[in-house]
Structures are given as structure tokens and as C-alpha cells.
Amino acid sequence: MKSLTVSLPGRSYDILIERGLLDAAGVITRSVLLHATRIAVVTDSNVGPIYASRVATRMAAAGFQVKVITIPAGETSKSLDMLGELYQEFLSFGLTRTDAVVALGGGVVGDLAGFAAATVLRGVDFIQIPTTLLAQVDSSVGGKVAIDLQAGKNLAGAFWQPKLVIMDPDVLDTLPQAVFMDGMAEVVKYGCIKDGDFFAFLAQRPDRKLLMDEIEHILFTCCDIKRAVVEQDERDTGERMLLNFGHTLGHAYELAGGYERWSHGQAVAAGMCAAAHLGVKLGVTPPDLPERLEGLVSALGLPTAIPCTAEEYAAAVGLDKKGTGNDIRVILLDALGHAIPRRMDKQALLEALV
Ligand SMILES: NC(=O)c1ccc[n+]([C@@H]2O[C@H](COP(=O)([O-])OP(=O)(O)OC[C@H]3O[C@@H](n4cnc5c(N)ncnc54)[C@H](O)[C@@H]3O)[C@@H](O)[C@H]2O)c1
Ligand SMILES: O=C(O)C(=O)C[C@@H](O)[C@H](O)[C@H](O)COP(=O)(O)O
Ligand SMILES: [Zn+2]
């Protein structure tokens, strides 16, 4: 088994990576939740039918009372309405402060269930069992949990670290191709911002089968990069902002498409390419970099550009959490494998984009 520990004062936790680990979910959960009686497993309408009874059975065998709560699959479930429904389900189940919430699903389930766990009864324990590539390499680690508001993406949320992340690469076998590749957008992001050799490694195998042959290495590399960043800056005031490479523009595309036209991974892929071109325009990014990035992005079947109006960009830039007053920090690449924050006037950014 590969494992990592995210070390944070008073809230350290392990990320465990192993094929078939889902079958040990009950025993491992019991080892970190010694006093819990009830476990609310939140899943979605695609993941639940495939994996929920397996996880619930293992949890019950470890002595927990289990309730499976299934939300509709898709980004539109990251909503205030769905959050309210989860609170009701938790309380009717009799969840107490010593009990726990398990997120069994992709980033949508993790973000929503995590925010519900962070806020119900002023906070209960939370375990991540990520089932998409994106959730395994990114959203299950680091404690950002959130819902979307009508105004924009992830606008109500918290930092709420899980007690444990249980990662079984075998669950990726049932992912639709497009969802697998969404996760690759965030994988490529890590190469872009922190590890040029990793980018080159990915560029040599832009194919699902070849990537799955190396999946434990890929999961470990990405989670290790995220671990180090989060340990340095849990609350997103400096270093962690680098993980937002491609996201200022990516969130604009998601919002403009009503969260249904473009997935998060597709939007981030196009957002990274646009940020690379912006970096060249500003004299920060090497001129050959956008072409190299676009080559990998398109080989993975992800979009290199998404149409967006000046108004749509303006809405997202105004709400970006890297903004202060009239300024925003944009994340640019000064080399493939190295990112820097650059403070810019929001208006100047918008003018450079269109
Ligand atoms: N908190 C963070 O740090 C963070 C980081 C990155 C992304 N996110 C958020 O994550 C969300 C995107 O996550 P996502 O890409 O996992 O999307 P998702 O959760 O919507 O899952 C994508 C689709 O795959 C299905 N699915 C999930 N696992 C499956 C499996 N093993 N087999 C078959 N189908 C499966 C889901 O039902 C869904 O239809 C966005 O809301 C994004 O904002 C959060
Ligand atoms: O963990 C982080 O920090 C990230 O920025 C990871 C991103 O991939 C993720 O999409 C995150 O949810 C974006 O957060 P936000 O603060 O821009 O809403
Ligand atoms: Zn992201």
C-alpha cells in the first residue's frame, strides 16, 4: 500500500492508496473513528448503485450503524437545497457529534458532503472515499469543501479536513472516458505548476490504458504535491493559490455554461491554456509553452479553449477568492513545472483577456 500523511496541527490524516482498498473501508474507518456509532454515507445516483452496498456492508461489519444517502449525480447538486436535504437526512438518522459522514463519490459528493459535515452540529468527522480520478488526485485532499451559489462557483464553503482518505484505484475502471479525462486536467495542472518531469512523463502517455498502468505513481505524485502545498498554507493565503492555476478562467467557463455545458475538468483544461497565453502576453511565460500544454490537453481529449464574453469573464473575476479590492492574483507559469502568483488590477486582467 502507498500512503501519505497530511500533517496539520491537531488534524493530521492519512491518504491510503491501494487496489481493492474499498473492501477494507470498514476496518480502516474503525481504526480512526474509535467512538463513532453512526456513519452517514453520502453518494450519488451513479456511484451508489455500483459501490454503496459494498461500502455499507463493510462499515456495518466494523460495528457502525449505516445510512446511505443518495443525491442526484452532477454539479447542480452542489447547492443550498441539497445541503438542506443532507442536514435533514443526518438528523433523522440520529447523527451526533461523535458520529461521522463518509463521502463516497467524485468531487461533487466530496465538496457537498464535506461542507455538510463541517457545519451540521457545528462539525462532525468526515471521511473521503473518492471515486473519480479528479477526486483522488485533488478534491479529497486538503479540506476545501463548498457548494455553488447562483452568483458563482464554490462561494459558500469551509476548510474542513477529512479524518482519512481511502483511495482505491480499481474504482476508476467504471468511469466514463470523459470523466476519467476530467481528472487528467488536474493531473496536468500539478505537472505545470510544480513538476516539469511529471509533465513530460504524462506527455509520453496521453492514453487511458497507459495512464492506468502507472496509476498508483500518478495518484501518489499528485497527492504528495498537494500535501506539501496544503501543509505550507492550509487556508489559501499564499502558496495554495498556485493550485488554482487555470481556475479563475475555468470558473468563468463553468458559470457561463450553467454548470452543465462544461465539466470542471474541461473548464480547468481550457483555463490553463488561456492562462498560458496570458502569461506569454505579459512576458512571464516562455513563448513555446502554450503549444506544449495544448498538445497534451488535446491529446487527452480536453478542450484547449472555451468561448467566453467579456461580461462572463468579469463576473467570475469579480468573485474570485484570490481577489482583494481592485486587485487579483493570477497564477502564471514562468516555466513548465513552475508557477508564480502575479498581482494585477482586475480591469487590466480583463483587458488582457479579450
Ligand atoms: N475541494 C477541492 O479541492 C476540489 C478540487 C477539484 C475539484 N473540486 C470540485 O469537484 C467537482 C468535480 O468533481 P468530479 O470531476 O469528480 O465530478 P463528479 O463528482 O460530478 O463526478 C463525475 C461523474 O462521474 C460519476 N462517477 C463518479 N465516480 C464514478 C465511478 N467510479 N464509476 C462511474 N461513475 C462515477 C458521477 O456520478 C458523475 O456523474 C467540481 O464541483 C469541482 O469544483 C473540488
Ligand atoms: O485545493 C485547492 O486549493 C484548489 O484550488 C484545488 C482546485 O482544483 C479546486 O477546484 C478548488 O475547489 C478551487 O477552489 P476555489 O477556492 O477556487 O473555489
Ligand atoms: Zn479544480
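This is a short tour of a predicted model, with a suggestion at each stop for what to select next.

**Before you start**

Colour the chain by confidence to begin. The average pLDDT is 97, and 100% of the residues score at least 70. For the complex, the predictor reports an ipTM of 0.99 and a pTM of 0.98.

**Stop 1: the seven-stranded sheet**

Show the strands as a cartoon and look for an open sheet of seven strands with mixed pairing. Going across it, you will pass β1, β2, β9, β6, β5, β3 and β4 in that order. Which strands stand at the edges? They are β1 (2–6) and β4 (65–71); each has a single partner strand, so one side of each is left without a neighbour in the sheet. As you rotate the view, note that neighbouring strands here are turned by 15 degrees against each other on average, ignoring direction.

**Stop 2: the β1 edge**

Now select β1 together with β2 (residues 13–17). The two pair in the antiparallel sense, with five bridges between them. Pick Lys2 and you can find its bridge partner, Ile17, in β2. These strands form a hairpin with six residues between them, and there Gly10 takes a positive phi near 75 degrees.

**Stop 3: a parallel pair**

Move along the sheet to β5 (residues 100–105) and β6 (residues 125–130). These strands run parallel and are joined by six bridges. For a landmark, choose Val101, whose bridge partner in β6 is Phe126.

**Stop 4: the β7–β8 hairpin**

Next, select residues 144–149, which make up β7. Five of the six residues in this strand are buried, leaving β7 mostly covered. Add β8 (residues 152–159) to the selection: β7 and β8 are antiparallel and share five bridges. Two residues lie between the strands of this hairpin. Val145 is a good one to label, as it stands opposite Ala158 in β8.

**Stop 5: ligand 2**

Keep the hairpin on screen and bring up ligand 2. Among the residues surrounding it are Lys144 and Asn154, along with Asp138, Gly142, Glu186 and Asp236. Arg240, Leu243, Asn244, His247 and Lys321 also belong to this shell. What is the make-up of the shell by residue class? It divides into six charged residues, four polar and one nonpolar. Try colouring by domain here: domain 1 (2–174) and domain 2 (177–353) each give at least three residues to the surroundings of ligand 2.

**Stop 6: ligand 1**

Switch to ligand 1, which has 30 residues around it. Which of them come nearest? Label Asn46, Gly106, Gly107, Thr132 and Ser139 to see them. To follow the shell through the fold, highlight the helices α2 (47–61), α4 (107–119), α5 (133–139), α6 (177–194) and α11 (264–281), each of which gives two or more residues to it. By class, the shell has 12 polar, 10 nonpolar and eight charged residues. With the domain colours still on, you can check that at least three residues come from each of domain 1 (2–174) and domain 2 (177–353).

**Stop 7: Leu219**

For the last stop, centre on Leu219, which sits in helix α9 (residues 215–232). Is this residue buried or exposed? Leu219 counts as buried because 22 other C-beta atoms lie within 10 Å, and the cut-off is 20 or more. Finally, draw a distance from its C-alpha atom to that of Pro169: the separation is 8.5 Å, although the two residues are 50 apart along the chain.

Terms used
Residues are numbered from 1 along each chain as its sequence is written. Chains are lettered from A and ligands numbered from 1 in the order in which they are written. This is a predicted model: local features need pLDDT of at least 70, side-chain atom pairs count only at pLDDT 80 or more; totals for chains, interfaces and linings use all residues. A residue is buried if 20 or more other C-beta atoms lie within 10 Å of its own, exposed if 12 or fewer, and partly exposed in between; C-beta atoms are placed from the backbone. Helices (H or I, at least four residues) and strands (E, at least two) are DSSP runs, numbered from the N terminus. Two strands pair if DSSP finds at least two bridges between them. A residue is near a molecule or strand if its C-beta atom, placed from the backbone, lies within 6 Å of it. Ala, Val, Leu, Ile, Met, Phe, Trp, Tyr, Cys and Pro count as nonpolar, Asp, Glu, Lys and Arg as charged, and the others, Gly among them, as polar. Domain bounds come from an automatic or database domain assignment. pLDDT is the predictor's confidence in each residue, from 0 to 100. Axes are lines fitted to C-alpha atoms, for helices over the stretch in contact, and angles run from 0 to 180 degrees between N-to-C directions.
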